[in-house]
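Here is a guided reading of one protein chain, meant for someone who has not looked at it before. Please keep the sequence and the 3D view at hand while reading.

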Amino acid sequence: MLLTFVDLDAFGRERGVLWNARGGDHMTLTLHWQTTGIEAGRLLLDAIAARFGVTWPKGRVLVFDFDVHHGNGTQHAFEERKDVLFCSMHQHPLTLYPGTGFAEERGRGAGLGYTINAPMAPYSTDADYLALFEQRLLPAFRAYQPQFVLISAGFDAHRDDPLAMINLTQFGFDRLLAQMKQLALECCGGKLVSALEGGYNYAALSACVASHLEILQADEPRL
Ligand SMILES: [Zn+2]
């Protein structure tokens with residue numbers, strides 16, 4: 001199910017929305033890993049950005065993807081554009097599907113430098129993720145000054161998830177989101193939408209999503 005913009009309005013707020021972009025309808029959206037329906041994905045992101053007042057082609061949209069798999073679909077859709085800064089943190093491509101997302105993949109043509117891949121070694125922890133995020137990624141995001149922030153929120157990097165070998169806990173996911181929310185507040189008045197991606201241990205997923213929603217809805221970021 002993909003919530004439409006009308007549904008976004010139903011939340012009565014323009015920030016802190018989480019939606020399930022994947023469930024049962026893989027053609028709806030290219031965000032994260034889909035390699036089909038890419039044009040639909042581009043149009044969707046364009047439409048969301050327009051909804052939040054981003055003016056193309058000079059807009060600046062930040063897409064941060066922390067699903068444990070590389071966001072190859074999103075990268076492919078936007079790798080030649082500098083009006084979308086795409087950043088993916090994921091388990092190293094030599095050790096996990098889909099086998100892309102090396103640090104050397106930095107965008108192409110006009111988009112060179114506007115794709116950031118942060119492959120993480122198997123068994124990376126909250127501390128590993130947060131150190132790289134805070135020291136390298138967050139400064140790049142801040143320098144970009146996004147007008148709108150989209151998060152591809154996959155929770156399959158959780159240590160209890162059966163599909164991968166990353167050892168994040170709910171604490172790590174919470175810290176990533178809280179800092180992304182703070183960034184959105186600083187740069188664009190809190191214009192942030194989070195799209196639910198993977199997560200295959202349902203106990204871990206439900207706990208992480210509940211906390212994610214709580215942080216999104218809080219008046220102040222919980223840093
Ligand atoms: Zn995934």
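The paragraphs below go from the whole chain to its central strand pairs, then to two helices, and finally to some details of the loops.

What is shown is a predicted model, and its residues are numbered from 1 along the chain. The chain has 223 residues, of which 44% count as buried, and it contains 6 helices and 6 strands. Following the sequence from its beginning, one meets these elements in the pattern α-β-α-β-α-β-β-α-β-α-β-α. Among the contacts whose separation is 6 or more, 71% are made by residues that stand 24 or more positions apart.

A good place to begin is strand β5, which covers residues 148–153 and has 6 of its 6 residues buried. Both of its faces are covered, with Phe148, Leu150 and Ser152 buried on one side and Val149, Ile151 and Ala153 buried on the other. Strand β5 pairs with β2 in the parallel sense over 5 bridges, and within this pairing Phe64 stands opposite Ile151. Strand β5 is also joined by 5 bridges to strand β6, residues 192–196, and these two strands run parallel as well. Here Leu150 has Val193 of β6 as its bridge partner. To get from β5 to β6 the chain passes through α5, and this β-α-β crossover is right-handed.

The residues of this strand return when one turns to the nonpolar interior. The largest nonpolar core has 48 residues, and the members that touch the most others are Val149, Leu150, Ile151 and Met180. Helix α5 supplies the largest share of this core, namely 8 residues. Ile151 can serve as an example of the surroundings, for when its neighbours within four places in sequence are left aside, Ile151 is in contact with Phe64, Met180, Leu192, Ser194 and Ala195.

Helix α5 itself has 19 residues and reaches 26 Å from its first C-alpha to its last, close to the 27 Å expected at 1.5 Å a residue. Its buried residues include Phe173, Leu176, Leu177, Met180, Leu183, Ala184 and Cys187, although Arg175 and Lys181 are also found among the buried residues of this helix. Against which elements do the buried residues of α5 pack? They pack against β2, α4, β5, β6 and α6, the last of these being residues 202–217. After α5 comes Gly189, whose phi is positive, near 65 degrees.

Helix α4, residues 126–144, likewise invites a check of its length. At 1.5 Å a residue its 19 residues should span 27 Å, and because its end C-alpha atoms are 25 Å apart, the two values agree. The helix nevertheless has a kink of about 40 degrees, centred on Phe133. Phe133 is buried, as are Tyr129, Leu137 and Phe141 of the same helix. An α-helix has 3.6 residues a turn, so residues three or four places apart point the same way. The buried residues of α4 pack against β2, β3, β4 and α5.

Some backbone details deserve a careful look, since most residues other than glycine have a negative phi, and most peptide bonds are trans. Gln145, which follows α4, has a positive phi of about 50 degrees although it is not a glycine. Gln145 lies in the loop between α4 and β5, and because it has 13 C-beta neighbours inside 10 Å, it counts as partly exposed. Tyr123 also has a positive phi, near 75 degrees, and its place is in the loop between β4 and α4. Tyr123 is exposed, because 11 other C-beta atoms lie within 10 Å and the exposed class takes in residues with 12 or fewer.

The loop between β3 and β4 holds two further points of interest. Pro98 is found in this loop, and the peptide bond from Tyr97 to Pro98 is cis, with omega near 5 degrees. Leu112 has its place in the loop between β3, residues 84–91, and β4, residues 115–120. Is Leu112 buried or exposed? With 12 C-beta neighbours inside 10 Å, Leu112 counts as exposed. Apart from residues up to four places away in sequence, Leu112 touches Arg106 and Gly107. Leu112 and Glu79 are 33 residues apart in sequence, while their C-alpha atoms are 7.5 Å apart in space.

Definitions and conventions. This is a predicted model: local features need pLDDT of at least 70, side-chain atom pairs count only at pLDDT 80 or more; totals for chains, interfaces and linings use all residues. Helices (H or I, at least four residues) and strands (E, at least two) are DSSP runs, numbered from the N terminus. A residue is buried if 20 or more other C-beta atoms lie within 10 Å of its own, exposed if 12 or fewer, and partly exposed in between; C-beta atoms are placed from the backbone. Two residues are in contact if their C-beta atoms, placed from the backbone, lie within 7 Å. The expected span of a helix is 1.5 Å times one less than its number of residues. The bend at a residue is the angle between axes fitted to the seven residues ending there and the seven starting there. Two strands pair if DSSP finds at least two bridges between them. A crossover is right-handed if, with the strands pointing away from the viewer, the path from the first strand over the helix to the second runs clockwise. A nonpolar core is a set of buried Ala, Val, Leu, Ile, Met, Phe, Trp, Tyr and Cys residues joined through C-beta atoms within 7 Å.
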